[in-house]
Amino acid sequence: EKYLRPDVVAMSGYTPGEQVNDCIKLNTNECAWGPSPAVAKALAAYDANALRQYPDPVSRKLRQAAAEVYGVRAEQILAGNGSDDCLTIIFRAFCEASVAGSERADKVACPWPTYSLYDTLATLQGVPIEHYDWKDGWSLPVDTLAASGARVVFVASPNNPSATLVPRAELEELARRRKWLERTP
C-alpha cells in the first residue's frame, strides 16, 4: 500500500455483479445458450495456426467494416478488448487530472444509477465524476448533463441496472448542446 497513490488506496474497488453458477445470468453479458451453429462452424474452419500471432493492433479491417456500416470514417471508430478497455482508453485520452498546485481537472458526468465502473475509472484517472438522477420514467436528464460542464458524459444504453434504452434523439440532443456532434449521421 505504501507505494500506491493515496487516492487509489482510499477508493473502494469495482464490485462486479454477483457470480452465481447453474443458472441463466443476465448481469455479465454472457450468452446462456452458447454460440450459434454458424459461429461454431466458422470457428471449426478457422486456421488455429493464425492464433500464434498478435492481431492487427489497430483493428483496421474491423474499423473499416464498422465505418462502412455507420457511414463514418474508420478513424472515428474505437476498437478495443471489450467495452471496459474502450472506457479506459476514453478516460486516458480525454480526461486530464489535476496537477500539483492546480485545482483544474476535467470532470466526467453520467446519469445515475448506472454502470459503476465509471466511478472506478474516474478515480484511477484522478478526475471527479458527477452523477445526475434519471428523470421520471428513466428518461435521460439531457438538460442537467448538457449543463454539467463535463469533459465527457457517459450514457450506458441499455443502462445497468434499469435496462433503459436511451433514444438516439436524446443522445443527439445532448451532443448538439455540448457541440460534440459534427454532423448527424
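**Entry 1: the whole chain**

I started with contacts: among those in the protein chain between residues at least 6 apart in sequence, 54% join residues at least 24 apart. I keep in mind that this is a predicted model. I then looked up the secondary structure and found seven helices and three strands in the protein chain. Reading along the sequence, I wrote the pattern down as α-α-α-α-β-α-β-α-β-α. For burial, I noted that 24% of the 185 residues in the protein chain are buried. The exposed surface comes to about 13400 Å², and carbon and sulfur atoms supply 55% of that.

**Entry 2: the sheet**

Next I went to the strands. They form an open sheet of three, in the order 2-1-3, with parallel pairing. Which strands stand at the edges? I found strand 2 and strand 3 there, each with a single partner strand, so one side of each has no neighbour in the sheet. I looked closer at strand 1 and strand 2, which pair in the parallel sense over five bridges. Going across that pair, I see Pro111 opposite Tyr132 in strand 2, and Trp112 opposite Asp133, also in strand 2. I then checked what packs on the sheet and found helix 5, which touches strand 1 and strand 2. The direction of helix 5 makes about 155° with that of strand 2. As for cover, strand 1 (108-112) is mostly out of reach, with four of its five residues buried.

**Entry 3: helix 5**

I stayed with helix 5 (117-125) and asked which of its residues are buried. My list reads Leu117, Tyr118, Thr120, Leu121 and Ala122. These buried residues pack against helix 4, strand 1 and strand 2 (129-133). Just past the end of helix 5 I came to Gly126, which takes a positive phi of about 80°.

**Entry 4: the cores**

I pulled up the largest nonpolar core, which has 14 residues. Leu87, Phe91, Cys95, Val108, Tyr118, Val127 and Phe154 are the ones that touch the most other members. Three elements give two or more residues to this core: helix 4 (83-94), strand 1 and helix 5. Which of them gives the most? Helix 5 does, with four residues. For the background I jotted down that nonpolar side chains tend to be buried together in soluble globular proteins.

I picked Phe154 for a contact list, leaving aside neighbours within four places in sequence. Phe154 is in contact with Leu87, Ile90, Phe91, Val108, Ala109, Cys110, Pro111 and Tyr118. I also found a second, separate core of eleven residues, with Trp134, Ala150, Val153 and Leu174 among them.

**Entry 5: Ser148**

Last stop was Ser148, in the loop between helix 6 (142-146) and strand 3 (152-153). Is Ser148 buried or exposed? I read a relative accessible area of 7%, and since buried means under 20%, Ser148 counts as buried. I followed the side chain of Ser148 and saw it reach the backbone oxygen of Leu145 at 2.8 Å. Not counting residues up to four places away in sequence, Ser148 touches Lys107, Ala109, Glu130, Tyr132, Val153 and Arg178. Two names on that list turn up elsewhere in my notes: Ala109 is also in contact with Phe154, and Val153 belongs to the second core. Tyr132 I had already met in strand 2, opposite Pro111.

Conventions
Residues numbered from 1 in each chain as written. Predicted model: local features only at pLDDT ≥ 70, side-chain atom pairs only at ≥ 80, totals over all residues. Heavy atoms only, no water. Core = buried A, V, L, I, M, F, W, Y, C linked by side-chain atoms within 4.5 Å. Buried < 20%, exposed > 50% of the residue type's maximum accessible area, 1.4 Å probe, protein only. Contact = heavy atoms within 4.5 Å. Polar contact = N/O pair within 3.5 Å; in protein donor to acceptor, adjacent residues only side chain to side chain. Pairing = 2+ DSSP bridges. Axes fitted to C-alpha atoms, helices over the stretch in contact; angles between N-to-C directions. Areas by Shrake-Rupley, 256 points an atom, 1.4 Å probe, with all protein chains shown as cover.
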